[in-house]
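Reader: I have a structure to look at and little practice in reading one. Please show me how to go through its features.

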Amino acid sequence: DSPASDRPQRHGSDGSVGSGAGLEQQSLTGSPRNDGSHVGSSQGRRTPEEAEAPTEEEPFPDLASWEAHTRSHLSASRSLREETDAKVFGRSGHKNGFVDRSGLMQATLKKRVAVSTSLSKALLARIERTEHILQQVVQCLVALERDYVATAMPHDVVLRRLEVRERRPPRERIQDDLQDALEVERQVLVDARQQMQHHFQAGAAMQESLEGAKAEMVKDLQSKRHALRLERSSLLFDAFHGKDRACALPPVVNNNSGSRGGAETPTGMAAAHVQELLMRTQKLDRHAEDFCQSVYKLLGGTKLSLERLRAKTSCAMKKRINETLALKKQLQAEVSESQMTITRTEMSLDMLRQEIATDKQHLDNMDPTADVSLTSFDQRLPPLILVKMREDAMARNQDHYDKLSEKVKAMEEKLASVQKTFDKLVATHEELAANLESKTQAWNVDVACSKVQPKHGPSGGGSGRC
C-alpha cells in the first residue's frame with residue numbers, strides 16, 4: 001500500500017479526512033478494481049462453506065445443503081455490509097463520546113412516525129365519532145325543549161278544564177269518566193314534563209362532557225400532528241448533510257445503560273395516554289348513546305300516551321255532554337208536564353172546594369127534622385093520604401140531607417187525598433226544576449270545557465324552556 005500522503009484526500013460530512021482509494025475499494029465489497037484485482041472476500045479466498053458447496057453446474061445433494069448455502073451467503077453479505085459501514089462511516093467522531101448512529105435514529109424515527117400516525121388516525125376517528133354523538137345529543141336537547149314547549153299548552157288546557165269544572169253545582173260534582181280522564185291526563189303531563197326537565201339537565205351535562213373530551217382530543221391531535229411534522233422533518237437528516245438542515249437529529253449518547261423499558265419511553269407514554277383518552281371518550285360516547293335512546297323512548301312514549309289520553313278525554317267529554325243533554329231534555333219535558341198537571345189540579349181543587357162550600361151551605365140551610373105542614377098538600381085529598389104524603393116528604397128531606405152530607409164528606413175526603421198528592425207533585429216539581437237547573441249548569445260547564453283553548457303568548461303554558 002502507498003502512504004496516505006500520496007492518496008487523494010476526501011472530506012466527509014463531519015469534516016474528517018479519508019482516503020479516496022479506500023473509499024472506492026470499501027464502498028462496493030468485492031467489486032473489481034481498474035487493475036483487474038478484487039477487494040475484500042473476492043481476492044481468491046473461500047470460506048469452508050464455499051469450499052464444500054458444489055459449483056454452479058452441480059446440484060445440491062439435499063435440501064439442508066441448499067438452505068445452508070443460501071444462509072451462508074446472507075450471513076457473509078450482512079457481515080461485509082456491517083464491516084463496510086463501520087469502516088466508511090465510523091471514522092468521523094464527535095466530542096464528549098457522541099457517535100453518529102443515523103440508521104438507528106432513522107429506524108426509531110420511522111417507528112415513532114408510524115406510532116404517531118396511528119395515534120393521529122385513531123384520535124381523528126374518535127373525534128369524528130364524538131362529533132357525531134355530540135350532534136345527536138344536541139338534537140335530543142332540541143327535541144326535549146321542543147316537546148317540553150309543546151306539552152305546555154295541553155297542560156294549560158287540562159288545568160283550565162279542571163278549573164272550569166270546579167264551577168259545577170255541588171250536587172253535580174261527581175267523579176265521572178271525564179273527571180278521571182282529565183286528572184289522569186294532568187298527572188301524565190306533569191310526570192312527562194318533570195322527566196323532560198331531568199333529561200334536559202342530564203343532556204346539558206353530557207354535552208359539556210363531550211365538548212370537553214372533544215377539546216382535549218383536538219388538543220392532543222394537534223400536538224401529535226406537530227410532533228409528526230417534526231419527526232418527518234427529522235427523517236430528512238442523513239450523515240452526508242450537516243447542521244444546515246431545518247431539523248437536525250440530536251446526538252445520541254453512546255450509553256446502553258440509560259435505556260428504559262418500552263412502557264416508560266415517550267412514545268409508550270403517549271400511546272398509553274391516547275389509549276386512556278380513547279377508552280374514556282368511548283365510554284362517554286356509549287353513555288351518550290344510551291342517553292339519546294332513553295330520550296327518544298321518553299319522547300315517543302309520551303307522545304303516544306298523550307295522544308291516547310287526549311282521545312280518551314275527548315270521547316269522555318262528548319259522552320258526558322250528550323248524557324247531560326239527554327237528561328236535561330227529559331227533565332225539561334217532565335217539568336213542563338208536571339207544571340201542566342199542577343195547573344189543572346189546582347183548578348180542579350178550586351172547583352172541588354167551591355162545590356164543597358156550596359153543598360155545606362145547602363146542608364146548613366136544610367133542617368131534616370123540620371115538620372112538613374099539611375097545608376102544603378092538596379086539601380081535597382083525604383086526611384090519611386095527606387098524612388102519608390107528609391111522612392113521605394119528611395123522609396125525602398131526610399134522605400136528601402143524608403145524601404148531601406155523604407157527598408160533602410166524600411168530596412172532603414177526595415179533596416184531602418188530592419191535596420196530599422198535589423203537595424207531593426208540587427214538591428217533586430220543585431225538585432225537578434232544581435235538578436234541571438243543576439243539569440243545565442253542568443251541561444254549560446262541560447260545553448265550556450270543550451271550548452277551552454290554549455292561551456297564546458308568554459303568559460300561556462308557563463315557561464318555554466326546560
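Reader: How many residues does helix H5 have, and what span is expected for it?

Author: This is a predicted model, so each statement here concerns a prediction. Helix H5 runs over residues 152-165 and has 14 residues. From its first C-alpha to its last it reaches 20 Å, close to the 20 Å expected at 1.5 Å a residue.

Reader: Is H5 mostly covered or mostly open?

Author: To read this, count the residues with a relative accessible area under 20%, which are called buried. In H5, ten of the 14 residues are buried, and the helix is mostly covered. Among them are Pro 154, His 155, Asp 156, Val 157, Arg 161 and Arg 165.

Reader: Which charged side chain does Arg 165 meet in a salt bridge?

Author: The general idea comes first. Side chains of opposite charge can pair when their charged atoms come close. In this structure, the side chains of Arg 165 and Asp 176 meet at 3.0 Å, N to O. Arg 165 lies in helix H5 and Asp 176 in the loop between H5 and H6, so the salt bridge ties together parts that are eleven residues apart in sequence. Both residues are buried.

Reader: How many salt bridges does the structure hold?

Author: There are 17 salt bridges. One of them joins the side chains of Arg 129 and Glu 289, at 2.2 Å from N to O. Because Arg 129 lies in helix H4 and Glu 289 in helix H7, this pair ties together parts that are 160 residues apart in sequence. Arg 129 is partly exposed, with a relative accessible area of 34%, and Glu 289 is also partly exposed, at 25%.

Reader: Where do Asp 399 and Lys 403 lie?

Author: Both lie in helix H8, four residues apart, which is about one turn of the helix. Asp 399 forms a salt bridge with Lys 403, and their closest N and O atoms are 3.4 Å apart. Asp 399 has a relative accessible area of 37% and is partly exposed, whereas Lys 403, at 52%, is exposed.

Reader: Which residues are joined into one network by salt bridges that share partners?

Author: That network consists of Arg 165, Asp 176, Arg 320 and Asp 446.

Reader: What can I learn from Arg 396, which is in helix H8?

Author: Two things can be read from this residue. The first is accessibility: Arg 396 counts as exposed, at 52%, because the cut-off for that word is over 50%. The second is distance in space against distance along the chain: Arg 396 and Pro 368 are 28 residues apart in sequence, and their C-alpha atoms are separated by 9.0 Å.

Reader: Which residues have the most contacts inside the largest nonpolar core?

Author: A core is read from its members and from the elements that supply them. The largest nonpolar core here has 20 residues, and those with the most contacts inside it are Val 137, Leu 144, Met 206, Leu 210 and Phe 291. Helices H4 (102-150), H6 (177-234) and H7 (266-365) each supply at least two of its residues. H4 gives the largest share, eight residues. Leaving aside neighbours within four places in sequence, Val 137 is in contact with residues including Gly 203, Met 206, Leu 210, Ala 288 and Phe 291. A second, separate core has 16 residues, including Val 157, Ala 181, Leu 182 and Leu 189.

Reader: Is Thr 313 buried or exposed?

Author: Thr 313 is buried, with a relative accessible area of 1%. Its place is in helix H7. Not counting residues up to four places away in sequence, Thr 313 touches Arg 161, Leu 178, Ala 181, Leu 182 and Glu 185.

Reader: What does Thr 130 touch?

Author: Thr 130, in helix H4, touches Leu 210, Lys 214, Met 217 and Asp 285, with residues up to four places away in sequence not counted. Thr 130 is buried, at 1% relative accessible area.

Reader: What is the mean pLDDT of the chain, and where does pLDDT stay under 50?

Author: The predictor's confidence is read residue by residue, on a scale from 0 to 100. The mean for the chain is 77, and 75% of the residues reach 70 or more. Over residues 91-99 pLDDT stays under 50, and there the model has 14 contacts beyond four places in sequence. Residues 457-462 also stay under 50, with four such contacts.

Terms used. Residues numbered from 1 in each chain as written. Predicted model: local features only at pLDDT ≥ 70, side-chain atom pairs only at ≥ 80, totals over all residues. Heavy atoms only, no water. Core = buried A, V, L, I, M, F, W, Y, C linked by side-chain atoms within 4.5 Å. Buried < 20%, exposed > 50% of the residue type's maximum accessible area, 1.4 Å probe, protein only. Contact = heavy atoms within 4.5 Å. Expected span 1.5 Å × (residues − 1). Salt bridge = Lys/Arg side-chain N within 4 Å of Asp/Glu carboxyl O.
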